[in-house]
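Good morning. Please look at the sequence and the model on the screen while I talk.

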Amino acid sequence: MAKASRTTDKLKTPTDLGSNQTRSEADALNGLLADAFALYLKTKNFHWHVSGPHFRDYHLLLDDQAAEILASTDAIAERVRKIGNTTLRSIGDIARRQTIRDNDQDFVAPAAMLAELREDNLKMVQRVREAREAAEEAGDTATSSMADDWIDQAEKRAWFLFEASRGA
């Protein structure tokens, strides 16, 4: 156990935030990060497998959304490190922490894809709000501020999915 402690000490990033508070914040951020990866992969899955008369529109929409989600993962993980904690290390770690459910069905109708992703993005909004609350409790205004952007992005994705699904 002493060896593991020394290894963790090597990763200890200097911060003026208290370690007890940032542990809770890092937990919330790592959960958010796990959901971001799960949502990214589900969005790409649907991007690859969408079909039907609106194929091109949905295919491009989902690709744009997946890219935005993936771009957020680095910022989330770096916040965890900047506040002196460690972040996800594996697919298994993601699976243990994710709340966004995978979809392994061979076929999903386009309307069902859009509806499922819309709901998942709304779950992401809630997840970000929880992480922001933990950041505020830790006095981490930088993460709290970034969370506002992540909320806006997820709400915009949900809105686009809602509008694209009208009449689908």
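I will go from the whole chain to the helices and then to two single residues.

What you see is a predicted model. The chain has 168 residues, and 42% of them are buried. Its secondary structure amounts to six helices and zero strands. Read from the N terminus, the order of elements is therefore simple to write: α-α-α-α-α-α.

How do the contacts spread along the sequence? Take the contacts between residues at least 6 apart in sequence. Of these, 82% join residues at least 24 apart.

Now helix α3, which covers residues 55–82. It has 28 residues, and at 1.5 Å a residue that should give a span of 40 Å. The C-alpha atoms at its ends are 41 Å apart, so the two numbers agree.

Which residues of α3 are buried? From the start of the helix, there are Tyr58, Leu61, Leu62, Gln65, Ala66 and Ile69. Further along come Ser72, Thr73, Ile76, Ala77, Arg79 and Val80. Note that Arg79 is on that list. Just after α3 sits Gly84, with a positive phi of about 90°.

Next, helix α5, residues 110–137. This helix also has 28 residues. From first C-alpha to last, α5 reaches 41 Å, close to the 40 Å expected at 1.5 Å a residue. After α5 comes Gly139, and its phi is positive too, near 75°.

So much for single helices; now pairs. Two packed helices are described by the angle between their axes and by the distance between those axes.

Start with α3 and α5. Their axes come within 12 Å and cross at roughly 20°. An angle under 35 degrees counts as roughly parallel, and so α3 is roughly parallel to α5. The crossing of α3 past α5 is left-handed. Which residues meet there? On the α3 side they are Tyr58, Leu62 and Gln65, and on the α5 side Pro110, Leu114, Leu117 and Asn121. Sorted by class, this contact has five nonpolar residues, two polar ones and no charged ones. Tyr58, Leu62 and Gln65 also appeared among the buried residues of α3.

The second pair is α5 with α6, where α6 is residues 141–165. These axes come within 8 Å and cross at roughly 165°. Over 145 degrees counts as roughly antiparallel, which means that α5 is roughly antiparallel to α6. Here as well, α5 passes α6 in a left-handed crossing. The residues of this contact divide into 15 nonpolar, four polar and seven charged.

Finally, two single residues. Asp120 is placed in helix α5. Is Asp120 buried or exposed? Its relative accessible area is 3%, so Asp120 is buried. Leaving out residues up to four places away in sequence, Asp120 touches Leu39, Lys42 and Ile100.

The other one is Gly92, in helix α4, which runs over residues 91–97. At 29% relative accessibility, Gly92 counts as partly exposed. The cut-off for buried is under 20%, so Gly92, at 29%, does not meet it. Along the chain, Gly92 and Ala34 are 58 residues apart. In space, their C-alpha atoms are separated by 10.0 Å.

To repeat the main pairs: α3 is roughly parallel to α5, and α5 is roughly antiparallel to α6. That is all from me.

Methods:
Residues are numbered from 1 along each chain as its sequence is written. This is a predicted model: local features need pLDDT of at least 70, side-chain atom pairs count only at pLDDT 80 or more; totals for chains, interfaces and linings use all residues. Side-chain values use heavy atoms; hydrogens and water are left out. Axes are lines fitted to C-alpha atoms, for helices over the stretch in contact, and angles run from 0 to 180 degrees between N-to-C directions. Helices (H or I, at least four residues) and strands (E, at least two) are DSSP runs, numbered from the N terminus. Angles under 35 degrees count as roughly parallel, over 145 as roughly antiparallel, 65 to 115 as roughly perpendicular and the rest as oblique. A crossing is left-handed if the near helix is turned anticlockwise from the far one by less than a right angle, and right-handed if clockwise. Ala, Val, Leu, Ile, Met, Phe, Trp, Tyr, Cys and Pro count as nonpolar, Asp, Glu, Lys and Arg as charged, and the others, Gly among them, as polar. The expected span of a helix is 1.5 Å times one less than its number of residues. Buried means under 20% relative accessible area, exposed over 50%, partly exposed in between (1.4 Å probe, protein chains only). Contact means heavy atoms within 4.5 Å.
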